[in-house]
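Open the model in your viewer and keep the selection panel at hand. The tour goes stop by stop: select, look, move on.

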Amino acid sequence: MKLQRTNRLRALTVGALAVTSALVLTACGSDDNTSQGGDSPSKADAGGIACKGEGSNLLASGSSAQKNAVDAWVQAYQQACTSTKVNYNPTGSGAGIQEFLQGKTAFAGSDSALKPDEVEASTKVCKDGGKAINLPMVGGPVALGYNLPGVEDLVLDAGTLAKIFDSKISQWDDEAIQELNPDADLPSTKIQAFHRSDESGTTDNFTTYLKDAAPDAWPYEPAKAWAAKGGQSANGSAGVATNVKQTNGAIGYFELSYATGNEIPTVQLDTGAGEPVEATVENSSNGIAAGKIVGTDGDLAMELDYTTKEEGAYPIILVTYEIACDSGNDPETLEAMKSFLTYAASEDGQNQLAEIGYAPIPDEVITKVREKVSTLS
């Protein structure tokens with residue numbers, strides 16, 4: 001049963017990976033007598049996708065963590081709508097936020113919520129007194145993928161991971177790893193720890209986990225930029241996953257869909273629960289459900305619990321936010337943006353996530369997202 005589910009996830013993920021972020025998305029119906037412009041009446045296909053903003057060129061960039069999710073949404077969305085181009089560039093969360101704050105994109109994707117200074121800066125691009133807000137749209141586990149032939153079901157804990165990624169543990173047969181894997185035949189292979197070279201919300205979430213769960217072993221403050229010494233770097237989640245797949249002795253962090261799509265085994269985490277916890281959609285959903293909304297004044301930023309010891313709760317989780325102006329959006333792309341984000345937050349859009357290794361946002365949160373998207377102006 002587990003093999004069948006894994007193969008299905010892999011097939012779906014590969015399908016999503018095949019769609020590039022430059023695919024044309026459409027945002028109008030197929031009737032020849034449709035009037036053009038953002039104020040034209042909405043149309044909807046049989047799946048309920050409302051197409052608005054005909055003729056717009058909608059640009060967005062940011063989180064590479066959600067690229068596979070965006071690709072899946074693109075596949076479904078473009079079947080219903082046919083004239084508006086939407087291009088999502090997975091530049092990384094940090095770069096995506098900067099491009100949004102420079103007015104280059106309609107919205108950004110980020111795996112960590114905006115900082116207060118970024119919200120303040122957004123008032124220059126969000127006209128008429130508007131500001132940027134966080135809209136949680138994609139969830140899921142940050143998996144630890146590894147390349148160690150002959151070693152299955154590898155178990156690590158927060159302290160050991162912190163030492164590995166801080167170059168304090170350098171070989172796979174280190175005593176700390178052996179204690180966690182007493183039945184494994186661990187080789188003396190050198191550990192090749194890969195981290196992100198670009199500023200990344202995935203890095204921010206992973207280092208937050210290390211800091212919260214192993215404060216004595218991880219002396220660095222969580223941040224989008226990698227702070228520890230040593231190791232090797234690669235650009236984007238795709239770059240880290242590719243290097244792990246190609247390098248014997250490698251370990252790296254990236255979203256589960258990258259592990260599934262590349263057939264990379266993932267670490268089980270010893271959280272202090274009765275059994276080690278796998279990086280699965282179901283287990284990460286348990287972690288996300290324990291989070292809470294802490295944003296105010298229409299902002300939906302969430303606070304996650306990285307130290308949970310609940311059975312079956314995977315603790316290294318992230319929520320990817322779509323970042324847009326609550327008001328003062330560019331009128332030329334506003335309707336197309338609302339149309340696409342409405343679909344992404346819809347029941348159908350969220351249901352697609354679990355099929356490709358992501359976790360849908362919990363109902364009580366995504367309901368608020370849908371309500372907020374409808375009020376963007």
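Select serine 167. In this predicted model, serine 167 sits in the loop between helix 5 (158–165) and helix 6 (175–180). Check its backbone: phi is near 60 degrees, a positive value in a residue other than glycine. Most residues other than glycine have a negative phi. Is serine 167 buried, partly exposed or exposed? Serine 167 counts as partly exposed, at 41% relative accessibility.

Stay in that loop and select aspartate 173. The loop between helix 5 and helix 6 holds this residue too. Aspartate 173 counts as partly exposed, with 26% relative accessibility; the partly exposed class runs from 20% to 50%. Now add leucine 186. Its C-alpha atom is 5.1 Å from that of aspartate 173, and the two residues are 13 apart along the chain. Which residues touch aspartate 173, leaving aside its neighbours within four places in sequence? Show Gln178, Leu186, Pro187 and Ser188: these are its contacts.

Next, aspartate 153. Look in the loop between strand 6 and strand 7 (155–157). Here phi is near 55 degrees, again a positive value in a residue other than glycine. Aspartate 153 is partly exposed, with a relative accessible area of 48%.

Move to aspartate 216. This residue belongs to the loop between helix 7 and strand 9. At 82% relative accessibility, aspartate 216 counts as exposed; the cut-off for exposed is over 50%. Add glycine 159 and draw the C-alpha to C-alpha distance. It comes to 8.0 Å, for residues 57 apart in sequence.

**The aromatic cluster**

Remain with the loop between helix 7 (201–213) and strand 9 (232–234), and select tryptophan 226 there. Add tyrosine 253, in strand 10 (residues 250–255). How do the two rings sit against each other? They form a stacked aromatic pair, with 5.8 Å centre to centre and 20 degrees between the planes. The pair ties together parts that are 27 residues apart in sequence, because one ring lies in the loop and the other in strand 10. Both tryptophan 226 and tyrosine 253 are buried.

Widen the selection to Phe165, Phe206, Trp218, Tyr220, Trp226 and Tyr253. Ring pairs link these residues into a cluster. Across the whole structure, a search finds 8 aromatic pairs.

**Two alanines with distant partners**

Select alanine 344, in helix 11 (residues 334–345). Its relative accessible area is 0%, and alanine 344 is buried. Which residues does alanine 344 touch, not counting those up to four places away in sequence? Display Trp73, Met137, Gly349 and Gln350. Keep methionine 137 on screen: its C-alpha is 7.2 Å from that of alanine 344, across 207 residues of sequence.

Then select alanine 106, in the loop between helix 3 (93–101) and strand 5 (107–110). Alanine 106 is buried, with a relative accessible area of 13%. Add aspartate 330. The C-alpha atoms of alanine 106 and aspartate 330 are 7.2 Å apart in space, and the residues are 224 apart in sequence. Not counting residues up to four places away in sequence, alanine 106 touches Leu58, Leu59, Phe100, Ile323, Asn329, Thr333 and Met337.

**The cavity**

How many cavities of 30 Å³ or more does a search of the whole structure find? The search finds 1. The largest cavity has a volume of about 30 Å³. Select its lining: Gly140, Pro141, Glu255, Leu256, Ser257, Leu318, Gly357 and Tyr358. Colour strand 6 (132–146) and helix 9 (256–261), the elements that give two or more residues to this lining. By class, the lining residues divide into 4 nonpolar, 3 polar and 1 charged.

**Zoom out**

Finish with the whole chain in cartoon view. The secondary structure comes to 13 helices and 14 strands. Buried residues make up 55% of the 377 residues. Switch to a surface view: the accessible surface comes to about 15,500 Å², of which 46% belongs to carbon and sulfur atoms. What share of the contacts between residues at least 6 apart in sequence join residues at least 24 apart? The share is 75%.

Conventions: Residues are numbered from 1 along each chain as its sequence is written. This is a predicted model: local features need pLDDT of at least 70, side-chain atom pairs count only at pLDDT 80 or more; totals for chains, interfaces and linings use all residues. Side-chain values use heavy atoms; hydrogens and water are left out. Helices (H or I, at least four residues) and strands (E, at least two) are DSSP runs, numbered from the N terminus. Buried means under 20% relative accessible area, exposed over 50%, partly exposed in between (1.4 Å probe, protein chains only). Contact means heavy atoms within 4.5 Å. Accessible areas come from the Shrake-Rupley method with a 1.4 Å probe; for residues, only the protein chains shown count as cover. On a 1 Å grid over the protein atoms alone, a cavity is a set of points where a 1.4 Å probe fits but cannot get out, and a pocket is an open set with protein on both sides within 12 Å along at least five of seven lines; lining residues have an atom within 4 Å of a point. Grid points are joined across faces, edges and corners, and a volume is the space filled by probe spheres set on the points. Ala, Val, Leu, Ile, Met, Phe, Trp, Tyr, Cys and Pro count as nonpolar, Asp, Glu, Lys and Arg as charged, and the others, Gly among them, as polar. Rings of Phe, Tyr and Trp (its six-membered ring) pair if their centres lie within 6.5 Å; planes under 30 degrees apart count as stacked, over 60 as edge-to-face and the rest as tilted.
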